[in-house]
Amino acid sequence: MAGTGSGRPSIYPTVLYADAKAAIRQLTEAFGFTEVTVYEGEDGLVLHAELVQGNGAVMLGSKGRGGVFDTAMKDAGPCGVYVVVDDVDAHHQQAVAHGADILMPPTDQDYGSRDYMARDAEGNIWSFGTYTPEIQA
């Protein structure tokens, strides 16, 4: 299978935002992502950005730029993304300190994970927790 064994994730959630620059600020400041790259058009819109958290990454850009993906996502609703973090409570405290909309505080789950859930400024749902699925290659 392509993308396995290289040390890079093989799946990247991709989200479009009306205000991608504000989304990048929220994801880095409140949710602890690290900005890897941001490409802007001459008009200042974010054409493509990559943010990492642990060994995973998310790609994002601005809505309304045109193109096949933007057109396909035009009427799409918000998405949900799950991110594995080491210390759920500390991560939650950081999100709260930056004004994140917390939907569920840190909660121990029946399946052994500890998770919390937040909504970003444009309605996407971000879950952060300790559950790490075992993926068999």
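Contacts that span the sequence come first. Among contacts in the protein chain between residues at least 6 apart in sequence, 51% link residues at least 24 apart. The model behind this figure is predicted.

Which elements make up the chain? The protein chain has 3 helices and 8 strands. From the N terminus on, their order is β-α-β-β-β-α-β-α-β-β-β.

Now the overall dimensions. The C-alpha atoms of the protein chain fill a box of roughly 45 × 40 × 25 Å along the principal axes. The radius of gyration is 16 Å, which agrees with the value near 14 Å for a compact globule, because that value is the one for 137 residues.

Next, inside and outside. Buried residues account for 31% of the 137 residues. The protein chain exposes about 8,300 Å², and carbon and sulfur atoms supply 52% of that area. Charges are part of the picture too: there are 8 positive and 19 negative ones, and their mean positions lie 6 Å apart.

Then the interior. The largest nonpolar core holds 24 residues. Tyr17, Leu27, Phe31, Phe33, Leu60, Trp126 and Phe128 touch the most other members. Several elements give two or more residues to this core, among them strand 1 (14-17), helix 1 (20-29), helix 3 (88-97) and strand 8 (125-129). Strands 3 (46-53), 4 (56-62), 5 (80-84) and 7 (114-119) do so as well. Helix 1 gives the largest share, 4 residues.

Take Phe31 as a close-up. Leaving aside residues up to four places away in sequence, Phe31 touches Gln26, Gln53, His91, Gln94, Ala95 and Ala100. Phe31 also touches Tyr116, Ala118, Trp126 and Phe128.

How values were computed
Residues are numbered from 1 along each chain as its sequence is written. This is a predicted model: local features need pLDDT of at least 70, side-chain atom pairs count only at pLDDT 80 or more; totals for chains, interfaces and linings use all residues. Side-chain values use heavy atoms; hydrogens and water are left out. The radius of gyration is taken over C-alpha atoms; the globule rule is 2.2 Å times the number of residues to the power 0.38. Buried means under 20% relative accessible area, exposed over 50%, partly exposed in between (1.4 Å probe, protein chains only). Contact means heavy atoms within 4.5 Å. Accessible areas come from the Shrake-Rupley method with a 1.4 Å probe; for residues, only the protein chains shown count as cover. Lys and Arg count as positive and Asp and Glu as negative; His and the chain ends are not counted. The place of a charge is taken as NZ of Lys, CZ of Arg, CG of Asp or CD of Glu. A nonpolar core is a set of buried Ala, Val, Leu, Ile, Met, Phe, Trp, Tyr and Cys residues joined through side-chain atoms within 4.5 Å.
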